[in-house]
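Welcome, and thanks for taking a look at this one with us. Please open the sequence and the structure side by side, and then walk through the points below.

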Amino acid sequence: MNRYLAVVYGIFSYTLFLVAFLYLIGFVGGLLVPRSVDSAGTAPVGWAVLIDIVLVTLFALQHSVMARPAFKRWWTRIVPEPIERSTFVLIASLVLALMFWQWRELPSVVWDVTWQPARLAVWTLFWLGWAIVLAATFMINHFELFGLKQVFAAWRSRPAVETGFRTTLFYRVVRHPLMLGFIIAFWAAPTMTAGHLLFAATMTGYILLALQIEEHDLMAALGTHYAEYRKRVPMLIPGLHKRDTDIMVR
């Protein structure tokens with residue numbers, strides 16, 4: 001593949017990711033976007049629930065299938081390896097865009113925090129969650145995670161050397177801080193509607209399931225090195241007892 005086209009493709013995919021990521025913040029929080037989890041298309045309750053679950057399932061399948069090593073080995077026979085990660089990012093962003101477009105609201109209020117100090121505290125948690133997500137990507141390798149490192153290595157006609165396994169900062173506290181950040185951001189809602197609750201519950205369920213698969217892949221790839229790390233560091237909850245962590249992993 002032409003190395004200049006690879007760079008343009010990688011930058012385009014990364015830019016689309018940034019737009020989708022920022023829109024996701026607004027979508028979950030109901031901030032500055034035309035369609036959010038609580039302000040979207042309407043449908044009868046049964047249809048709305050079904051459509052929303054299908055959208056989350058589609059996102060989950062795309063993420064889980066395309067992230068598996070076996071799929072990557074097959075996929076790179078079709079897609080050049082330098083743009084494999086950028087392609088993953090591009091498709092993930094498009095699936096998110098489909099979710100934003102087709103989401104159906106369920107406006108019934110489950111809880112509403114009206115005391116202003118408590119409401120401010122929940123909003124602080126919301127932003128803390130997103131800050132953890134973004135910071136966690138840089139604690140591994142943000143630009144490798146989203147495909148830019150690979151396309152620029154191709155542009156320089158050099159092999160893209162993977163960063164490898166790292167346990168810096170947040171990763172010394174929990175094994176999956178990025179996912180912890182998402183969970184916090186999804187659930188930190190001062191006004192929780194049925195639609196938001198459905199989104200938070202289904203996305204959290206997917207995250208917990210996906211982590212089991214990822215843990216299996218990491219054990220297969222890293223062996224005893226990751227096993228020792230897993231003994232020392234809990235999966236999602238800081239300070240969680242090792243025995244409880246093992247139960248979650250299994």
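How much accessible surface does the chain have, and what share of it belongs to carbon and sulfur atoms? The accessible surface comes to about 13400 Å², and carbon and sulfur atoms account for 70% of it. Please keep in mind that this is a predicted model. Its secondary structure consists of 11 helices and 2 strands.

**Overall build**

- Reading from the N terminus, you will meet the elements in the order α-α-α-α-β-α-α-α-α-β-α-α-α.
- The C-alpha trace spans about 55 × 45 × 30 Å along its principal axes.
- A compact globule of 250 residues would have a radius of gyration near 18 Å, and the chain agrees with that at 19 Å.
- Buried residues make up 42% of the 250 in the chain.
- If you take the contacts between residues at least 6 apart in sequence, 77% of them join residues at least 24 apart.
- On the charge side, there are 21 positive and 14 negative side chains, and the centres of these two sets lie 7 Å apart.

**Aromatic pairs**

- The chain holds 25 aromatic pairs, and one of them is formed by W130 and F182.
- The rings of W130 and F182 meet edge-to-face, with 5.8 Å from centre to centre and 90 degrees between the planes.
- Why does this pair tie together parts that are 52 residues apart in sequence? W130 sits in helix α5 (residues 116-140), while F182 belongs to helix α8 (residues 177-187), so the pair links these two parts.
- Both partners are worth a look for their surroundings: W130 is buried, with a relative accessible area of 3%, and F182 also counts as buried, at 15% relative accessibility.

**A136 and its neighbours**

- Helix α5, the helix of W130, is also where you will find A136.
- Is A136 buried or exposed? A136 counts as buried, because its relative accessibility is 0% and the cut-off for buried is under 20%.
- Which residues does A136 contact, once neighbours within four places in sequence are left aside? They are Y171, P177 and L178.
- L169 is 33 residues from A136 along the chain, and their C-alpha atoms are separated by 8.6 Å.

**Two leucines with positive phi**

- L169 is a residue other than glycine with a positive phi, near 50 degrees.
- You can find L169 in the loop between α7 (148-155) and α8, where it counts as exposed at 56% relative accessibility.
- L32 has a positive phi as well, in this case near 60 degrees, and it too is a residue other than glycine.
- The place of L32 is the loop between α1 (3-29) and α2 (45-66).
- With a relative accessible area of 90%, L32 is exposed.

**S64 in helix α2**

- Helix α2, which follows the loop of L32, contains S64.
- S64 counts as buried, with a relative accessibility of 15%.
- Which residues does S64 touch, not counting those up to four places away in sequence? Here the partners are Y206 and A210.

Conventions:
Residues numbered from 1 in each chain as written. Predicted model: local features only at pLDDT ≥ 70, side-chain atom pairs only at ≥ 80, totals over all residues. Heavy atoms only, no water. Helix = DSSP H or I, 4+ residues; strand = E, 2+ residues; numbered from the N terminus. Rg over C-alpha atoms; globule rule 2.2 N^0.38 Å. Buried < 20%, exposed > 50% of the residue type's maximum accessible area, 1.4 Å probe, protein only. Contact = heavy atoms within 4.5 Å. Areas by Shrake-Rupley, 256 points an atom, 1.4 Å probe, with all protein chains shown as cover. Lys, Arg positive; Asp, Glu negative; His and termini not counted. Charge placed at Lys NZ, Arg CZ, Asp CG, Glu CD. Phe/Tyr/Trp six-rings, centres within 6.5 Å; stacked < 30°, edge-to-face > 60°.
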